[in-house]
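Visitor: I am new to reading protein structures. Could you show me one and explain the reasoning behind the words you use?

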Amino acid sequence: MNIFKTFLDSKWAWDYVQGPIYNKLIAKVTDPIYDEISREIKPRDYERILDIGTGPGYIATRIALDNPNVGIIGVDYSFTQIRSAIRFKYDAGVKNCSFFPGNAMRLPFDNESFSYVISVASLKHWAKPDICFREIHRVLKREGTVLILEADKECDENELKRFMKVFSDWYVWDPFMRWYLKKIVFGKSYTPFEAEAIAIAAGFKEVVSSKIKCWPFFMVRMRKA
């Protein structure tokens with residue numbers, strides 16, 4: 001199982017296998033997740049926001065559309081995902097959003113560059129989350145805010161079944177999707193307590209987690225003192 005997850009988390013898999021399928025499916029669940037984020041971030045004009053593991057750029061582009069005087073940067077270690085994100089932003093007519101290849105363990109930005117850092121469903125793919133959290137702490141400005149949203153490892157069977165229905169489509173084999181979500185996506189993810197512990201160890205303050213109402217996800221909110 002660990003070998004299979006290692007393969008799925010690899011850059012090659014995201015470039016050529018998992019990424020294209022993920023992009024088709026994730027579009028169905030972004031609206032409620034975006035609503036959760038938009039309630040938490042209130043950027044001022046000319047502030048900068050970093051989206052780590054941006055994937056096809058859906059969330060970053062929507063933030064840019066709703067905040068035209070704010071700069072958004074999305075990074076992902078898959079070049080295929082970055083190309084998808086760039087196409088999506090151009091189709092949306094967005095100019096205040098940029099996408100670059102980047103690794104969460106070595107973020108290519110100066111210290112204290114961003115007022116907000118967000119990451120959606122990316123934490124479980126980080127090979128060394130402690131290093132990634134320290135990198136986020138480094139690039140975040142003082143008094144800045146981080147929002148990490150991730151699949152809840154503690155979700156129950158009923159929550160998982162409701163979530164799986166969203167992905168029903170002609171090219172999705174339900175037994176495989178159920179196994180994949182239960183064993184790989186949620187089974188290899190984190191609990192809110194585990195994510196909080198990593199954040200606290202990285203030096204963040206005011207670390208608080210909460211459940212996402214619509215999906216079996218949680219959000220950890222933290223600040224840099």
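Guide: With pleasure; let us begin with Ser209, which stands opposite Val220 in strand 7. Do keep in mind that this is a predicted model.

Visitor: How do you know that strand 6 and strand 7 pair, and in which sense do they run?

Guide: Pairing requires at least two bridges between the strands. Strand 6 and strand 7 are joined by five bridges, so they count as a pair, and they run antiparallel. The two strands form a hairpin, with five residues between them.

Visitor: What other strand is joined to strand 7?

Guide: That is strand 5, which runs antiparallel to strand 7 and is joined to it by seven bridges. Within this pairing, Leu149 has Met219 of strand 7 as its bridge partner.

Visitor: What makes strand 7 largely enclosed?

Guide: A residue is called buried when its relative accessible area is under 20%. In strand 7 (residues 217-223), six of the seven residues are buried, so the rest of the structure largely encloses this strand.

Visitor: In which sense do strand 4 and strand 5 pair?

Guide: Strand 4 (residues 114-120) and strand 5 (residues 140-151) pair in the parallel sense, over six bridges. For example, Ser119 has Ile148 in strand 5 as its bridge partner.

Visitor: And what does the whole sheet look like?

Guide: It is an open sheet of seven strands in the order 3-2-1-4-5-7-6, with mixed pairing. Strand 3 (97-101) and strand 6 (205-211) are at the edges: each has a single partner strand, so one side of each lacks a neighbour in the sheet. From one strand to the next, the twist averages 15 degrees.

Visitor: Let us turn to a helix. Why is Ser84 called buried?

Guide: Ser84 lies in helix 6 (residues 79-92). Its relative accessible area is 14% and the cut-off for buried is under 20%, so Ser84 qualifies.

Visitor: What makes the pair of Ser84 and Arg87 a polar contact?

Guide: Such a contact needs suitable N or O atoms within 3.5 Å. The side chains of Ser84 and Arg87 make one at 3.3 Å.

Visitor: How do you know that Lys89 has no salt bridge?

Guide: Lys89 is also found in helix 6. A salt bridge must fall within 4 Å, but the nearest side chain of opposite charge, Asp91, is 11 Å away, so buried Lys89 has none.

Visitor: Which residues is Lys89 in contact with, leaving aside its neighbours within four places in sequence?

Guide: Those contacts are Thr61, Val94, Cys97, Ser98 and Phe99.

How values were computed
Residues are numbered from 1 along each chain as its sequence is written. This is a predicted model: local features need pLDDT of at least 70, side-chain atom pairs count only at pLDDT 80 or more; totals for chains, interfaces and linings use all residues. Side-chain values use heavy atoms; hydrogens and water are left out. Helices (H or I, at least four residues) and strands (E, at least two) are DSSP runs, numbered from the N terminus. Axes are lines fitted to C-alpha atoms, for helices over the stretch in contact, and angles run from 0 to 180 degrees between N-to-C directions. Buried means under 20% relative accessible area, exposed over 50%, partly exposed in between (1.4 Å probe, protein chains only). A polar contact is a pair of N or O atoms within 3.5 Å; within protein, one must be able to donate a hydrogen and the other to accept it, and residues adjacent in sequence count only if both atoms are side-chain atoms. Lys and Arg count as positive and Asp and Glu as negative; His and the chain ends are not counted. Contact means heavy atoms within 4.5 Å.
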